[in-house]
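Here are my comments on the model you sent, set out as numbered points. They begin with the charged side chains and then turn to the sheet and the helices that pack on it.

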Amino acid sequence: MEAGRILQSYLDRVAVTVMTGDWETYADLICMPFHLVTHAGNIEVSTLEKLRQGFDDFRQTLQIQQITDYIRLVDSAAQLDAGLISGRYVSHLLSRGHRVLDPFYSEITLRLEGNQWRAASITNALANSRWPLTVFQLAETPSLKGPEDD
């Protein structure tokens with residue numbers, strides 16, 4: 001599956017840039033404006049200045065929480081056309097082999113610009129509705145009731 005391979009490669013590359021502080025490569029992997037959607041809000045990151053602030057604050061959060069492994073694994077991916085890939089992945093944040101946060105799903109859209117795949121948007125299950133994300137908080141899972149539960 002070509003779309004899945006492209007998406008996994010992209011996710012791995014972004015994780016390395018975040019963990020090593022490689023701002024220049026990170027910025028080259030994001031479309032501007034970039035859109036972040038959570039259950040609580042839609043955020044448009046429209047300038048490199050705002051993107052840089054988010055990058056730095058996210059790295060600081062990872063360092064404060066002593067994250068040693070930032071792993072994102074593709075769950076599904078589809079090539080919508082020659083220049084768009086949409087996919088779903090699960091994120092794992094670990095500190096020396098121990099979970100810091102329960103795994104959570106996100107959806108991403110990649111756009112091919114020139115010869116570079118870039119993230120145009122991400123939708124995730126984090127409850128944070130601000131940019132930059134500085135505290136990890138999972139959205140509450142609603143309790144679903146069936147007809148027999150009434």
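**Notes on the predicted model**

1. In this predicted model, the side chains of Arg5 and Glu2 form a salt bridge, with nitrogen and oxygen 2.5 Å apart. Both residues belong to helix H1 (residues 2–20), where a spacing of three residues separates them by about one helical turn. As a general matter, an α-helix has 3.6 residues a turn, so residues three or four places apart point the same way. Glu2 itself is partly exposed, its relative accessible area being 44%.

2. A second salt bridge brings together the side chains of Arg118 and Asp28, at 2.7 Å from N to O. Arg118 is in strand S6 (residues 116–124) and Asp28 in helix H2 (residues 23–28), so this pair ties together parts that lie 90 residues apart in sequence. The two partners deserve separate comment, since Arg118 is buried, with a relative accessible area of 13%, whereas Asp28 is partly exposed at 34%.

3. Arg52 and Asp56 also meet through their side chains in a salt bridge, here at 3.0 Å from N to O. They are four residues apart in helix H3 (residues 48–64), and about one helical turn separates them. Arg52 is partly exposed at 34% relative accessibility, and Asp56 is likewise partly exposed, at 35%. Elsewhere, salt bridges with shared partners link Asp28, Glu113 and Arg118 into one network. The count of salt bridges comes to five.

4. Turning to the sheet, I find it open and built of six strands in the order S2-S1-S6-S5-S4-S3, with mixed pairing. Its edges are formed by strand S2 (41–45) and strand S3 (69–81), each of which pairs on one side only. On average, and with direction ignored, neighbouring strands of the sheet are turned by 25 degrees against each other. Within it, strand S5 (residues 98–113) and S6 run antiparallel and are joined by eight bridges; Ile108 stands opposite Ile122 in S6.

5. Which strands does H1 touch as it packs on the sheet? The helix contacts strand S1 (30–38), S3, strand S4 (84–95), S5 and S6, and its direction makes about 145 degrees with that of S3. H3, for its part, lies across S1, S2, S3 and S4, and runs at about 55 degrees to S1.

6. The geometry of H1 may be worth stating in the text, as its 19 residues reach 27 Å from the first C-alpha to the last, close to the 27 Å expected at 1.5 Å a residue. The buried residues of H1 include Ile6, Leu7, Tyr10, Leu11, Val14 and Val18, and among them are also Ala3, Gly4, Gln8, Ala15 and Thr17. After the helix comes Gly21, whose phi is positive, near 75 degrees.

7. Finally, I would draw attention to Gln116, which is found in strand S6. At 13% relative accessibility it counts as buried, because the cut-off for that class is under 20%. Leaving aside residues up to four places away in sequence, Gln116 touches Arg13, Asp28, Leu29 and Arg111. One of these contacts, Asp28, is also the salt-bridge partner of Arg118.

Key:
Residues are numbered from 1 along each chain as its sequence is written. This is a predicted model: local features need pLDDT of at least 70, side-chain atom pairs count only at pLDDT 80 or more; totals for chains, interfaces and linings use all residues. Side-chain values use heavy atoms; hydrogens and water are left out. A salt bridge is a side-chain nitrogen of Lys or Arg within 4 Å of a carboxyl oxygen of Asp or Glu. Helices (H or I, at least four residues) and strands (E, at least two) are DSSP runs, numbered from the N terminus. Buried means under 20% relative accessible area, exposed over 50%, partly exposed in between (1.4 Å probe, protein chains only). Two strands pair if DSSP finds at least two bridges between them. Axes are lines fitted to C-alpha atoms, for helices over the stretch in contact, and angles run from 0 to 180 degrees between N-to-C directions. Contact means heavy atoms within 4.5 Å. The expected span of a helix is 1.5 Å times one less than its number of residues.
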